[in-house]
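Visitor: I'm new to this one, and I'd like to look closely at a single part. Could you put it up on the screen first?

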Amino acid sequence: MGILSGLLSLPLAPVRGTVWIAEQVLDEAERQYYDAGALRRQLEEVALARDSGDLDDAEADALEEHLITRLIEANRRSRESHG
């Protein structure tokens, strides 16, 4: 029965492969999006841009809020994966 089920599911192999690749891409995108070190660097860049006048307070506040929200989520995910 193993050979028969293998032959019958063979046409689905490209679909399974595509799904696996999509899952890997999603995992890497989330890893980069929630990278705590990168988020801290981006917060520093926002502070520098605010100090140099490249960003006004409203723009900097909005960016900081977004980055801090991502950083909180990154910390939550890290705790969940380690504990």
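Visitor: Let's take R70: is R70 buried or exposed, and which side chain of opposite charge is nearest?

Guide: Happy to zoom in, but keep in mind that this is a predicted model. To find R70, go to helix α4, which covers residues 57-82. R70 is buried, and yet it has no salt bridge. The nearest side chain of opposite charge belongs to D35, and that one is 8.3 Å away. A salt bridge would need a side-chain nitrogen of Lys or Arg within 4 Å of a carboxyl oxygen of Asp or Glu, so D35, at 8.3 Å, doesn't make one with R70.

What does the side chain of R70 have by way of polar company? One of its polar atoms lies 2.8 Å from the backbone oxygen of Y33. Y33 also turns up among the residues R70 is in contact with, once you leave aside neighbours within four places in sequence: the others are Y34, L39 and Q42.

For a contrast with buried R70, hop over to the loop between α1 (2-9) and α2 (13-33), where you'll find L10. L10 counts as exposed because its relative accessibility is 53%. Together with I3 and L7, L10 makes a nonpolar surface patch of about 350 Å². L12 lies in the loop between α1 and α2 too, but it counts as partly exposed because its relative accessibility is 48%. To get a feel for the distances here, take L12 and I72: they are 60 residues apart along the chain, and their C-alpha atoms are separated by 40 Å.

Conventions: Residues are numbered from 1 along each chain as its sequence is written. This is a predicted model: local features need pLDDT of at least 70, side-chain atom pairs count only at pLDDT 80 or more; totals for chains, interfaces and linings use all residues. Side-chain values use heavy atoms; hydrogens and water are left out. Patches are made of residues with over 30% relative accessible area and no salt bridge: like charges are joined within 9 Å, nonpolar side chains (Val, Leu, Ile, Met, Phe, Trp, Tyr) within 5 Å. Accessible areas come from the Shrake-Rupley method with a 1.4 Å probe; for residues, only the protein chains shown count as cover. Helices (H or I, at least four residues) and strands (E, at least two) are DSSP runs, numbered from the N terminus. Buried means under 20% relative accessible area, exposed over 50%, partly exposed in between (1.4 Å probe, protein chains only). Lys and Arg count as positive and Asp and Glu as negative; His and the chain ends are not counted. A polar contact is a pair of N or O atoms within 3.5 Å; within protein, one must be able to donate a hydrogen and the other to accept it, and residues adjacent in sequence count only if both atoms are side-chain atoms. Contact means heavy atoms within 4.5 Å.
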